[in-house]
Amino acid sequence: MRKATLKLEGKRFGLYVVLSKGSKPRYWVTKCDCGKVTETRGSR
Ligand SMILES: [Zn+2]
């Protein structure tokens, strides 16, 4: 059985759109409206 994973790819949070999972658990690669790509820690 697979662990429940939040499906966040493509989701938008305010100015940011999630591109993919980050390099660390609970981190997500997000892209800002201005085009800047950053890794952000998710809430879960
Ligand atoms: Zn920005």
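**Four strands in one open sheet**

Biologist: Why is Arg26 called exposed?

Modeller: Arg26 has 12 other C-beta atoms within 10 Å. A residue is exposed if 12 or fewer other C-beta atoms lie within 10 Å of its own, buried if there are 20 or more, and partly exposed in between, with C-beta atoms placed from the backbone. Arg26 is therefore exposed. This is a predicted model, in which local features need pLDDT of at least 70 and side-chain atom pairs count only at pLDDT 80 or more, while totals for chains, interfaces and linings use all residues. Residues are numbered from 1 along each chain as its sequence is written.

Biologist: What is the phi of Arg26, and where is Arg26 found?

Modeller: Its phi is positive, about 70 degrees, although Arg26 is not a glycine. Arg26 is found in the loop between S2 and S3, and that hairpin has 5 residues between the strands.

Biologist: How many strands and helices are there, and what makes a run count as either?

Modeller: The chain has 4 strands and 0 helices. Both are DSSP runs numbered from the N terminus: helices are H or I with at least four residues, strands are E with at least two. Strand S1 covers residues 12-13, so S1 meets the strand cut-off of at least two.

Biologist: How do you know that S2 and S3 pair?

Modeller: Strand S2 (residues 16-21) and S3 are joined by 4 bridges in the antiparallel sense. Two strands pair if DSSP finds at least two bridges between them, so 4 is enough. One of the pairs puts Ser20 opposite Val29 in S3.

Biologist: What holds for S3 and S4?

Modeller: Strand S3 (residues 27-31) and S4 also run antiparallel, over 5 bridges. Thr30 stands opposite Thr38, and Trp28 has Thr40 as its bridge partner. In the hairpin of S3 and S4, Gly35 takes a positive phi near 100 degrees.

Biologist: Which strands stand at the edges, and why?

Modeller: The open sheet has the order S1-S2-S3-S4, with antiparallel pairing. S1 and S4 each have a single partner strand, so one side of each is left without a neighbour in the sheet.

Biologist: Why is strand S4 said to lie largely in the open?

Modeller: Of the 5 residues of S4 (residues 37-41), the number buried is 0, so S4 lies largely in the open.

Biologist: Which residues of S3 are buried?

Modeller: Trp28 and Thr30 are buried and point to one face, while Tyr27, Val29 and Lys31 point to the other and are not buried. In a regular strand the side chains alternate between the two faces of the sheet. Over the chain of 44 residues, buried residues make up 7%.

Biologist: How confident is the predictor?

Modeller: The average pLDDT, the predictor's confidence in each residue from 0 to 100, is 85 for the chain, and 82% of the residues score at least 70. Among the strands, S1 has the lowest mean, 87, and S3 the highest, 93.
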